[in-house]
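Q: I have a model open in my viewer and would like to learn how to read it feature by feature. Could we walk through it together?

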Amino acid sequence: MRLRDSLATIIGVEIRRLRNEKGISLKEFESLDGSIDRHSLSRIESAEKLPTIETLFKICKLLDTDLGDFFTRVEKAIKKANQSDFDF
């Protein structure tokens with residue numbers, strides 16, 4: 001698996017996990033500020049789309065999470081993943 005695909009998967013899973021931890025549905029997320037619609041978020045969460053840093057910042061802000069803390073979560077997930085999944 002390519003690095004981009006692996007990162008997209010991990011980022012999407014962590015966004016979904018964080019959103020679920022906060023008890024926010026896709027529809028509820030969309031209504032938080034409207035700048036990210038539920039279809040776009042769904043595509044990010046399912047790794048169909050890799051978000052820009054600006055979009056990640058908005059998502060983290062809407063989920064009341066520090067961007068640095070989010071990347072710490074992503075880093076931990078990468079370490080847990082099978083390293084052969086990543087082509088560095």
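A: Happily! Let us begin with one residue, Glu 45, which sits in helix α3. Please keep in mind that this is a predicted model.

Q: Is Glu 45 buried or exposed?
A: To decide, compare the relative accessible area with the cut-off: under 20% counts as buried. Glu 45 has a relative accessibility of 3%, so it counts as buried.

Q: Which side chains make polar contacts with the side chain of Glu 45?
A: There are two to look at. The side chain of Arg 19 makes a polar contact with that of Glu 45 at 2.7 Å, and the side chain of Arg 16 makes one at 3.4 Å. If you leave out residues up to four places away in sequence, Glu 45 touches Gly 12, Val 13, Ile 15, Arg 16, Arg 19 and Leu 26. You can also check a C-alpha distance: Ile 10 and Glu 45 are 35 residues apart in sequence, yet 8.8 Å apart in space.

Q: How should I read the fold as a whole?
A: Start with the secondary structure. The protein chain has five helices and zero strands, in the order α-α-α-α-α along the sequence. Then look at burial: 31% of its 88 residues count as buried. Finally, take the contacts with a separation of 6 or more; 64% of them join residues 24 or more positions apart.

Q: What should I look for in a nonpolar core?
A: The general idea is that nonpolar side chains tend to be buried together in soluble globular proteins. In this model, the largest nonpolar core has 18 residues, and Ile 15, Phe 29, Ile 59 and Phe 70 have the most contacts inside it. The elements giving two or more residues to this core are α1 (3-21), α3 (38-45), α4 (53-62) and α5 (67-80). Helix α5 provides the largest share, five residues.

Q: How can I check the geometry of α5?
A: Compare its expected and actual span. With 14 residues at 1.5 Å a residue, α5 should span 20 Å, and its end C-alpha atoms are 20 Å apart, which agrees. At the start of this helix, a side-chain oxygen of Asp 66 comes to within 2.9 Å of the backbone nitrogen of Gly 68.

Q: Where do the buried residues of α5 fall when seen down its axis?
A: The general idea first: an α-helix has 3.6 residues a turn, so residues three or four places apart point the same way. In α5, the buried residues are Leu 67, Phe 70, Val 74, Ala 77 and Ile 78. Seen down the axis, the buried residues of α5 fall within an arc of 100°, so they line one face of the helix. On the other side of α5, Lys 76, Lys 79 and Lys 80 are exposed.

Q: Phe 70 is in that buried list, so which residues is Phe 70 in contact with?
A: Setting aside neighbours within four places in sequence, Phe 70 is in contact with Ile 11, Glu 14, Ile 15, Leu 18, Leu 56, Cys 60 and Thr 65. Its relative accessibility is 1%, so Phe 70 counts as buried.

Q: How many aromatic pairs are there in the whole structure?
A: A search finds one. It joins Phe 70 and Phe 71, with ring centres 5.9 Å apart and 65° between the planes, an edge-to-face arrangement. Phe 71 has a relative accessible area of 34%, so it is partly exposed.

Q: What can backbone phi angles tell me?
A: Most residues other than glycine have a negative phi, so a positive value deserves a look. Ala 47 is not a glycine, yet has a positive phi of about 65°. Ala 47 lies in the loop between α3 and α4 and is partly exposed, with a relative accessible area of 28%. Another case is Asp 64, with a positive phi near 55°. Asp 64 belongs to the loop between α4 and α5 and is exposed, with a relative accessible area of 65%.

Notes
Residues are numbered from 1 along each chain as its sequence is written. This is a predicted model: local features need pLDDT of at least 70, side-chain atom pairs count only at pLDDT 80 or more; totals for chains, interfaces and linings use all residues. Side-chain values use heavy atoms; hydrogens and water are left out. A nonpolar core is a set of buried Ala, Val, Leu, Ile, Met, Phe, Trp, Tyr and Cys residues joined through side-chain atoms within 4.5 Å. Buried means under 20% relative accessible area, exposed over 50%, partly exposed in between (1.4 Å probe, protein chains only). Helices (H or I, at least four residues) and strands (E, at least two) are DSSP runs, numbered from the N terminus. Contact means heavy atoms within 4.5 Å. The expected span of a helix is 1.5 Å times one less than its number of residues. The arc is that of the directions from the helix axis to the C-beta atoms. A polar contact is a pair of N or O atoms within 3.5 Å; within protein, one must be able to donate a hydrogen and the other to accept it, and residues adjacent in sequence count only if both atoms are side-chain atoms. Rings of Phe, Tyr and Trp (its six-membered ring) pair if their centres lie within 6.5 Å; planes under 30 degrees apart count as stacked, over 60 as edge-to-face and the rest as tilted.
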